[in-house]
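User: Hello! I would like a close look at one part of this model, with a friendly walk through what surrounds it.

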Amino acid sequence: MAEKKVGNQTVVFKNPPVVLAGYTVVGPKEGAGPLKDTFDLVLKDTYNGEKSWEKAEMKMLETSMRGAANKVNIPLECIDYSLAGDLLNQLVCSNFASRQIGLPFIGLYGACSTMALSIALGAMLIDGGFATKVLCSASSHHNTAERQYRLPTEQGNQRPLYAQWTVTGAGSLVLSDAGNGPKVTTATIGRIVDFGETDANNMGAAMAPAVADTIINHFNDLNRPSDYYDLVVTGDLGTVGLQLVSDIIRKSNLNIKNLNDCGVMIYKPEQDTHAGGSGCGCSAVVLGGYILNQMFKGELKRVLLIGSGCLHSPTTALQGETLPSIGHAISLEYI
Amino acid sequence: MATNHLRPPTINITPEEYKEMVQSVTPKPTVLRNVIMAFLVGGFICSLGQVIINFYMIYLGLPLIQAQTAATATLILIGAILTGLGLYDEIVRWGGAGGIIPVTGFANSMVSPALEYKREGYVFGVGGKLFTVAGPILLYGIASSIVVGIVYVVLRYF
C-alpha cells in the first residue's frame, strides 16, 4: 500500500524534491564562529533593533523566510506551504513570523530536530502531489530560550562544562518539485527514545540514543553501506553527544567515518560555549549555510542530516521526569 | 521512565551500560580551579565589605552595627549596578559560589528578573516574577529562622 515507505521508518521519494536555496540569519556570536562566511546575514546585536528578544527572533525568522524565496526569485504567493518551528511556548516566533508572511502555515514542534522534521514533511507534501513549492524553516535565540527554559539572562550562574549554548539563528530552505540543486531523497522519521538522562544541561547525552537509533534504522531500512554518505551530520549533540553517538553506533556494529555535528561545527573552542551549540537554529543555519554551500559547490554529494531534539519541558523536569529525545534523518543527494 | 522494548533494530546497549558511558564521556567539573576562583572572588567581595565598613566608621563616624548595615546596603547597590551593566553574570561565571553567596549575589538574583521581565510590564512582569530566583531562598530562609526562633524560645524554659 504505502509504496514509498521502505523498511520500518523510512520513506524514499519517487520524485525527490529539490532544495533550490537556503537563507540563514545568525547572531553576532555565531557570526564570529568558524562558519561565519557561510551565513547570509549576521546581526550586529541580539536585539536586532527590536524591543525584546522574542521580537528579534520573529524578525530573524521572517527575514530568513523572505530571503530564501528572494534568493531564487520566487514570489511568496507561489509557495504552497510554510512549515516552521521554534523552541518557544506556543511556537510564538513561527506563528508571529507567519503572520507577516501570509502563507498557509503548518507549525511544527520537534525541539531542536525541527529543521530536519520540516524538510522531511515538506518533501512528503511535494512528492505526495500536495504542493509544488514549500518553505521549511526553524529558528532559535539564545536569550529567548534561556529565559524560558532556564534563568533570567543576567542571573549569574556557572554552566557545567557539558552544557551547550543555544544558537541565535534562523534558517529557511525552499523545496521545489523541479529545478537545480541537491535533492531530498529519503527521510527517516525517528522514534522517541529515552535512556533515563535527567540532567537538562546534558542534552547531548539525552539525545544520543535517539539519534543513534534513527541512524541505525536509516541504514537498515535502505540497506545502504556505512560509507554511502560524504557527511553524516547530527543536529546539535555537542561534543559529549557526538562522542556518545559514535560510541553507540560502533557498539551496534555500524562504522561511520564521516560523522560530525552542527553544534560542534558552529563555534570555535575559544568561544567558551563548553560542549557546543544547540537549538533549532543550530542545524537550520549550518544546513542552510555551510552544508548547502558545499553541496552547491560540489564538495559534498551525499549528506545525511539527523536533527536531534530533546523534548523536555521545565515543568516535567521539575516533576522528576527524564528527558525524552528524538532524531529525524533526511538525506540530501545530487542525483 | 526510560523507554524499553523498542522494535529492533535499535541500539545495542542497555540503559545501565549507557549510564556508565555517559559518566565516562561527560567532562568533570574543574573542582580545584573552581574552588580557588570562588575563594578569590568571594574573598575579594568580603574584603571590599570590610573596607566599606571601616570607611563608614572612620570617615562618617558610624558605630559598628550601623556601619555594617550601611556596608551591606552599599554592596547590594554595587551588585545591582553590576547586574544592570551586564557584568555580574560574568563575575559569577568565573567566581561561581564566590559570587553567588555574598549579598551582591542576592542583589543579582533580584535585579536580573526585574530587568528580564520588564518587557512583560511592571505588574505581571516585574511584579509577578521578581522573586522567581530569590523566592525559594527567602521562603526557606525566613521559614527556618522562624523554626530556630521557636526552638530557642522553647529551650529557654528548660
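Into which domains is chain A divided? Please start there, then take me to the largest cavity and on to the aromatic residues.

Analyst: Happy to help. Please keep in mind that this is a predicted model. Chain A splits into domain 1, covering 17–176, and domain 2, covering 183–333. The contact between them involves 52 residues of domain 1 of chain A and 53 residues of domain 2 of chain A. Measuring from C-alpha centre to C-alpha centre, these two domains of chain A are 18 Å apart.

Now to the cavity. Searching the whole structure with a lower limit of 30 Å³ turns up one cavity, and the volume of the largest cavity is about 130 Å³. Both domains of chain A take part in its lining, with at least three residues coming from each of domain 1 (17–176) and domain 2 (183–333). In total, 13 residues line the largest cavity, and those nearest its centre are Leu87(A), Cys112(A), Tyr149(A), Met203(A) and His312(A). By character, the lining of this cavity consists of eight nonpolar residues, four polar ones and one charged one.

Next come the aromatic residues. Across all chains, the structure contains six aromatic pairs. Tyr228(A) and Tyr229(A) form an edge-to-face pair, because their ring centres are 5.0 Å apart and their planes meet at 80°, where over 60 degrees counts as edge-to-face. Both Tyr228(A) and Tyr229(A) are buried. Together with Phe219(A), Tyr228(A) and Tyr229(A) make up a cluster linked by ring pairs.

Tyr228(A) has a charged partner as well: the charged end of Arg302(A) sits over the Tyr228(A) ring, at 4.0 Å from the ring centre. An arrangement of this kind also joins residues of two chains, with the charged end of Arg119(B) over the ring of Trp53(A), 4.8 Å from the centre of that ring.

Conventions. Residues are numbered from 1 along each chain as its sequence is written. Chains are lettered from A and ligands numbered from 1 in the order in which they are written. This is a predicted model: local features need pLDDT of at least 70, side-chain atom pairs count only at pLDDT 80 or more; totals for chains, interfaces and linings use all residues. Side-chain values use heavy atoms; hydrogens and water are left out. On a 1 Å grid over the protein atoms alone, a cavity is a set of points where a 1.4 Å probe fits but cannot get out, and a pocket is an open set with protein on both sides within 12 Å along at least five of seven lines; lining residues have an atom within 4 Å of a point. Grid points are joined across faces, edges and corners, and a volume is the space filled by probe spheres set on the points. Ala, Val, Leu, Ile, Met, Phe, Trp, Tyr, Cys and Pro count as nonpolar, Asp, Glu, Lys and Arg as charged, and the others, Gly among them, as polar. Domain bounds come from an automatic or database domain assignment. Rings of Phe, Tyr and Trp (its six-membered ring) pair if their centres lie within 6.5 Å; planes under 30 degrees apart count as stacked, over 60 as edge-to-face and the rest as tilted. Buried means under 20% relative accessible area, exposed over 50%, partly exposed in between (1.4 Å probe, protein chains only). A charge sits over a ring if NZ of Lys or CZ of Arg is within 6 Å of the ring centre and within 35 degrees of the ring normal. Contact means heavy atoms within 4.5 Å.
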